[in-house]
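Trainee: I should like to learn how to read the strands and helices of a protein model. Could you guide me through one case?

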Amino acid sequence: MPGKRILVLGPHELGPEDHKAWREIRADSGAPANPFLDPVFATAVGRVRPGARVAVLTEDGVPAGFFPYEKGRWGQGRAIGLGVSDSQGAVLRPGVGLDARRLLRACGLSSWEFDNLEAGQRLFVPHAVAELASPVVDLGDGFERYRERLREKSPGFLRQTLAKERRLARQVGEVRFVHGVRDPDALRALMRWKSAQYRRTGRRDRFAQEWITRLVDLLARGEDPECRGVLSVLYAGGRPVAAHFGLCSPTVLSWWFPAYDRAYGRYSPGLVLLLRMLEAAAAEGTGTVDLGSGPARYKDSFKTRDIPVHEGAVIRPGPGGAAYRLGREPARLARRFVRDRPRLADAAARTLAHLGRLRERGPLSAR
């Protein structure tokens, strides 16, 4: 690659000029300003994940791209923040010629895994094994126009959600919504509710992983407008009943960690929270709320369209690549097999929920 250099750094080693170049390249590409592909997110992950790296590509001394990733054993790589990042890929200046496997070799990687690769990542899309739908809500025409579209599309859903909000106010107390609140107690309550939801549905508890809890705490304290954590809370009778913590850029809000107090479940406080959050986001000028990949009926009700994201891995020949195939590919194939068969997916979800209930009850000997 004449004139091209790739320098690998820790995210904390990037300076203000690197951040500026990263964002300029991202803007020039025409891609959405998704906060998960901002240097602030990479830097935050770098503070809680020691394997976090950023490959800085230059052409004739001028920044031409940034590739954030994590490096593990045997050179196996993954998208930075894999497991919680909802948009992944490289930030490259348009027209930059690059080969994916050659990039991995320069980074000392034998493989690079992704599960939410954004559309348009031509460097990596050929290595995808599945395309997933990620629902989004378009708010560019304002909240009133969105609500009209929602009423036309799902009149019963909107009517019932608003009726439950009124019932919550009558039976519990005044309903109040706050967007962008600094409330450590509400954030802790959100984490407790979300952990309980993960266990109840038989899924891995993300907040049982220290690095994720630390990452959320870091982002919650951040103030960079290009990538900031936003806590939204729905209160009833002066107490939090639902909350959401997500990442926001000036134009994109990512729906990340929503949860609610099950004691108020009959009022559907999570749906009320999302509706009010969409209204608040539109008022701030947010054009898109990304609800994230993964099936959920409420997402189908709220969304205005789907955008594609991709799952897969770039694998280089050699022992490290072979180790990745042996260790990760069987599980990935099994997930795809289940996901592509709705009846089987429903049965698997029911089984996970049953196991979650058993886990909550504890061993029989303790009853």
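Mentor: Let us begin with a term: two strands are said to pair if DSSP finds at least two bridges between them. Please keep in mind that this model is predicted.

Trainee: How many bridges join strand β3 to strand β4, and in which sense do the two run?

Mentor: Strand β4 covers residues 76–79, and 3 bridges join β3 to it, with the two strands running antiparallel. Within this pairing, lysine 71 stands opposite glycine 77 in β4.

Trainee: What lies between β3 and β4 along the chain?

Mentor: The two strands form a hairpin with 4 residues between them. In that turn, tryptophan 74 has a positive phi of about 55°.

Trainee: Which other strands pair with β3?

Mentor: Strand β2, residues 52–59, pairs with β3 in the antiparallel sense over 8 bridges. One example is alanine 52, whose bridge partner in β3 is glutamate 70. β2 and β3 also form a hairpin, here with 2 residues between them, and aspartate 60 in the turn has a positive phi of about 55°. Strand β5, residues 91–92, is joined to β3 by 2 bridges and runs antiparallel to it. There, phenylalanine 66 has valine 91 of β5 as its bridge partner.

Trainee: Is β3 mostly covered or mostly uncovered?

Mentor: A residue counts as buried when its relative accessible area is under 20%. In β3, which spans residues 62–71, 7 of the 10 residues are buried, and the strand is thus mostly covered.

Trainee: How should I read a helix?

Mentor: An α-helix has 3.6 residues a turn, so residues three or four places apart point the same way. Length offers a further check. Helix α8, residues 269–283, has 15 residues and should span 21 Å at 1.5 Å a residue; its end C-alpha atoms are 21 Å apart, which agrees.

Trainee: Why is α8 described as largely enclosed?

Mentor: Of its 15 residues, 11 are buried, so the rest of the structure largely encloses α8. Among the buried residues are Pro269, Val272, Leu273, Arg276 and Ala280. Just after the helix, glycine 285 takes a positive phi of about 95°.

Trainee: Can the same reading be applied to a single residue? Why does serine 301 count as buried?

Mentor: Serine 301 is found in helix α9, residues 297–302. Its relative accessibility is 17%, and therefore serine 301 counts as buried. Leaving aside neighbours within four places in sequence, serine 301 is in contact with Leu150, Lys153, Ser154 and Phe157.

Notes
Residues numbered from 1 in each chain as written. Predicted model: local features only at pLDDT ≥ 70, side-chain atom pairs only at ≥ 80, totals over all residues. Heavy atoms only, no water. Buried < 20%, exposed > 50% of the residue type's maximum accessible area, 1.4 Å probe, protein only. Contact = heavy atoms within 4.5 Å. Expected span 1.5 Å × (residues − 1).
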